[in-house]
Amino acid sequence: MILLQRVFLNNKICDILIKGNRIEKISDKIDIPAGEVIDCAGKAILPSFCNAHTHTTMMFLRGIGEDKNLFDWLDQDIFPREAKLKPEHIYPLSRYALLEMVKTGTTCFADMHFHSSGTLKAAQDMGLRALIPYLGMDLSDDKNTEHSVQQAVQFLEMPIDNPRIKKVLCCHSIYTCSQKLIKTFSDLAKKYGIYFQIHVSETQKEVDDCIKKFGCRPVELLYKWGVMGPKTHFAHAVHLDDGEIELVKRTGTVLAHCPTSNLKLGSGQMPLQKYLDAGIKPGLGTDSVSSNNSLSMISEMKLAALSAKNQADSVLAGKVGDIFGMATKNGFNAFGFNAGEIKEANLADFIMVDMDNQFLLPNNNFKSNMIYAADSSCITDVFCDGKPLMRNKIIPHESEIVSGFKKVCAVLMANS
Ligand SMILES: [Zn+2]
């Protein structure tokens, strides 16, 4: 057991007992002998973040393809470079992504890419929660479809004996994947009781092309194909009409909002407040470091709030509580983890922050400070599943992770 003493939570000082991987007790004073007692005076506890959509293997592409729209960026800069990735590159790339996540307070992420075993090993070694992916993208070529389905079945049969890790089958999008692949992956995900994720309605062009090709909008199409449901995650979902919003709500489909990526690639602004008013509870994601260019959920919260206000032309859009919930409990809940709030019986996934950090003073509104003023320099400790991932800003093996990452970047970017 770990006893956190004198920690700031919800505007008061309290003690918190961690038993195993759960928050056992929260009280003004706890007098129970614990294996470890941590004096948290001057620190506040908050739920850690859940990154609802990212691509860990794209870490080597930070700063590549700037000032381009989504389609030019993908075709000219991303897909050709991703084609160079080999299985042995994945572990060092993912490990570096996870290092950045831990430093910025994230303990859970949903990933999307072609290779999974290196990311799985990184998440297991570094102690984070993850939705580990297998990504299909067949470009409507039957040979590719067959290959992707074979690989997906192998992925599904791979045993993972770790309650922190879940699987997600991914299709890139309706414009890079055939109906057969999308339906097969979605059906396989349902059969195996796992998650399914796809980029949806990221741009107006995607919507227009879909209407031309299929006679309906992307979300309507995926509904017709039987893809939607509570274990289906739509990344982006920027351009939804009222009927599609209703379909998302009715089916319990999860949205992953990635405002920085959407703005940077000129994809548009999600009408977030409209979705929230409809009762949808989106998660928040950073997308990759090539379209963000960081994995910081603190930065993402600020942009989500500002973008919502700008899009709705109302200061009442993107309220502090809603935005903080998107970065924490909405994501965890969508992925079936009982975390994202500091309360008894929840999983012990949390961060501690230095309340004297320059961006957190004065403490007139703590959550507002976290969203609008803070950067990750305030984070001192990160715990996942009751275990420390970072203590007093120290993460095990950091220099080795950095040097391994730099080596792989040098290989992948040679002659680039
Ligand atoms: Zn993405």
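This section describes the domain arrangement, the parallel sheet and one helix of a predicted model.

The domain assignment divides the chain into domain 1, formed by residues 2-47 together with 343-398, and domain 2, formed by residues 49-334. The centres of the two domains, taken over C-alpha atoms, are 29 Å apart. Their contact involves 20 residues of domain 1 and 22 residues of domain 2. On the domain 1 side, two or more residues each are contributed by α14 (366-373), β15 (379-384) and β16 (387-390). Of these, α14 provides the largest share, with five residues. By class, the side of domain 1 that touches domain 2 consists of twelve nonpolar, six charged and two polar residues.

An open sheet of eight strands is present, with parallel pairing and the order β6-β7-β8-β9-β10-β11-β12-β13. The edge positions are taken by β6 (49-54) and β13 (283-284); each has a single partner strand, so one side of each lacks a neighbour in the sheet.

Within this sheet, β8 is paired with β7 and with β9. Strand β7 (residues 106-111) runs parallel to β8 and is joined to it by three bridges, and C108 has R129 of β8 as its bridge partner. Seven bridges connect β8 to β9, again in parallel. Among the residue pairs between these two strands, L131 is partnered by K166 of β9, and Y134 stands opposite L169 of β9.

Eight of the eight residues of β8 are buried, so the strand is largely enclosed by the rest of the structure. The burial extends to both faces of β8: R129, L131, P133 and L135 lie on one side, and A130, I132, Y134 and G136 on the other. Two of the bridged residues named above, R129 and L131, thus belong to one face, whereas Y134 belongs to the other.

Helix α4 comprises 16 residues (142-157) and spans 23 Å from its first C-alpha to its last, close to the 22 Å expected at 1.5 Å a residue. Its buried residues are S148, A152 and F155. Viewed down the axis of α4, these buried residues fall within an arc of 60 degrees, so they line one face of the helix. On the other side of α4, the exposed residues are D142, K143, Q150, Q154 and E157. The buried residues of α4 pack against two strands, β8 (129-136) and β9 (165-171), and against helix α5 (179-192). The buried face of α4 is therefore the one formed by residues within the 60 degree arc, and β8, against which the buried residues pack, is the strand described above as largely enclosed.

How values were computed
Residues are numbered from 1 along each chain as its sequence is written. This is a predicted model: local features need pLDDT of at least 70, side-chain atom pairs count only at pLDDT 80 or more; totals for chains, interfaces and linings use all residues. Domain bounds come from an automatic or database domain assignment. Two residues are in contact if their C-beta atoms, placed from the backbone, lie within 7 Å. Helices (H or I, at least four residues) and strands (E, at least two) are DSSP runs, numbered from the N terminus. Ala, Val, Leu, Ile, Met, Phe, Trp, Tyr, Cys and Pro count as nonpolar, Asp, Glu, Lys and Arg as charged, and the others, Gly among them, as polar. The expected span of a helix is 1.5 Å times one less than its number of residues. A residue is buried if 20 or more other C-beta atoms lie within 10 Å of its own, exposed if 12 or fewer, and partly exposed in between; C-beta atoms are placed from the backbone. The arc is that of the directions from the helix axis to the C-beta atoms. Two strands pair if DSSP finds at least two bridges between them.
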